[in-house]
Amino acid sequence: MMGISNKFFNLLSVLILMLCTNISANDRIPTIKDYLNDTSSAYDSYIYGLESGLEWASEHYFRKYQVELYCKPGNIELPISKLKDMINTTISAKPGFFKKYENEKLLGLALRNGYIQAFPCQ
């Protein structure tokens with residue numbers, strides 16, 4: 001089980017790095033602090049990109065390892081407000097961790113944990 005967790009982390013890291021290479025020079029990947037201080041919705045596209053990466057990773061893991069990372073019904077499309085609520089809930093649930101790493105680019109981790117919490121597998 002530990003190997004699967006490490007493989008998922010590595011896969012998620014690769015997806016985030018791939019996303020990084022597609023960001024224009026004027027854009028940047030937000031840190032937790034950047035995200036929490038944003039009032040302009042500047043990171044909405046980035047969050048949608050993270051969601052797409054999570055969906056792809058979940059499908060890949062299921063096909064390759066028969067492991068479900070989360071169990072979101074396929075007919076549900078989440079608006080940005082719900083994705084942000086999931087991220088905010090994750091950050092609120094672990095304030096010490098996210099305060100310690102507020103200058104790190106961990107929105108993908110927060111969203112992944114939000115998906116696992118919102119769509120647990122039975």
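This passage looks at helix α3, its packing against helix α4, and the salt bridges of the chain. The model is a predicted one.

Helix α3 is a good place to begin. This helix covers residues 44–65, and its length is easy to check. With 1.5 Å allowed for each residue, its 22 residues should span 32 Å, and the end C-alpha atoms are indeed in agreement with this, lying 31 Å apart. Several residues of α3 are buried, among them Tyr 46, Leu 50, Gly 53, Leu 54, Ala 57, Ser 58 and Tyr 61. Just beyond the helix, Gln 66 adopts a positive phi of about 55 degrees.

Helix α4, which covers residues 80–93, packs against α3. The two axes are 10 Å apart and meet at an angle of about 75 degrees. Angles from 65 to 115 degrees count as roughly perpendicular, and α3 and α4 are therefore described in that way. On the α3 side, the contact is made by Asp 44, Ile 47, Tyr 48 and Glu 51, while α4 contributes Ile 80, Leu 83, Lys 84 and Ile 87. Sorted by character, the residues of this contact comprise five nonpolar and three charged ones, with no polar residue. Of the α3 residues in the contact, Asp 44, Ile 47 and Glu 51 are also found in the buried set of that helix.

Two of the charged residues in this contact also pair with each other. Asp 44 and Lys 84 form a salt bridge in which the closest N and O atoms are 2.8 Å apart. Because Asp 44 belongs to α3 and Lys 84 to α4, this bridge ties together parts of the chain that are 40 residues apart in sequence. Both Asp 44 and Lys 84 are buried.

The model has five salt bridges in total. Another of them joins the side chains of Glu 55 and Lys 72, with an N to O distance of 2.5 Å. Here, too, distant parts of the chain are linked: Glu 55 sits in α3 and Lys 72 in the loop between α3 and α4, 17 residues apart. How exposed is Glu 55? Its relative accessible area is 30%, so Glu 55 is partly exposed. Lys 72, at 16% relative accessibility, counts as buried.

A further salt bridge brings Glu 102 and Lys 99 together, and their closest N and O atoms are 3.0 Å apart. Glu 102 has a relative accessibility of 17% and so counts as buried, whereas Lys 99, at 54%, counts as exposed.

Methods:
Residues are numbered from 1 along each chain as its sequence is written. This is a predicted model: local features need pLDDT of at least 70, side-chain atom pairs count only at pLDDT 80 or more; totals for chains, interfaces and linings use all residues. Side-chain values use heavy atoms; hydrogens and water are left out. A salt bridge is a side-chain nitrogen of Lys or Arg within 4 Å of a carboxyl oxygen of Asp or Glu. Helices (H or I, at least four residues) and strands (E, at least two) are DSSP runs, numbered from the N terminus. Buried means under 20% relative accessible area, exposed over 50%, partly exposed in between (1.4 Å probe, protein chains only). Axes are lines fitted to C-alpha atoms, for helices over the stretch in contact, and angles run from 0 to 180 degrees between N-to-C directions. Angles under 35 degrees count as roughly parallel, over 145 as roughly antiparallel, 65 to 115 as roughly perpendicular and the rest as oblique. Contact means heavy atoms within 4.5 Å. Ala, Val, Leu, Ile, Met, Phe, Trp, Tyr, Cys and Pro count as nonpolar, Asp, Glu, Lys and Arg as charged, and the others, Gly among them, as polar. The expected span of a helix is 1.5 Å times one less than its number of residues.
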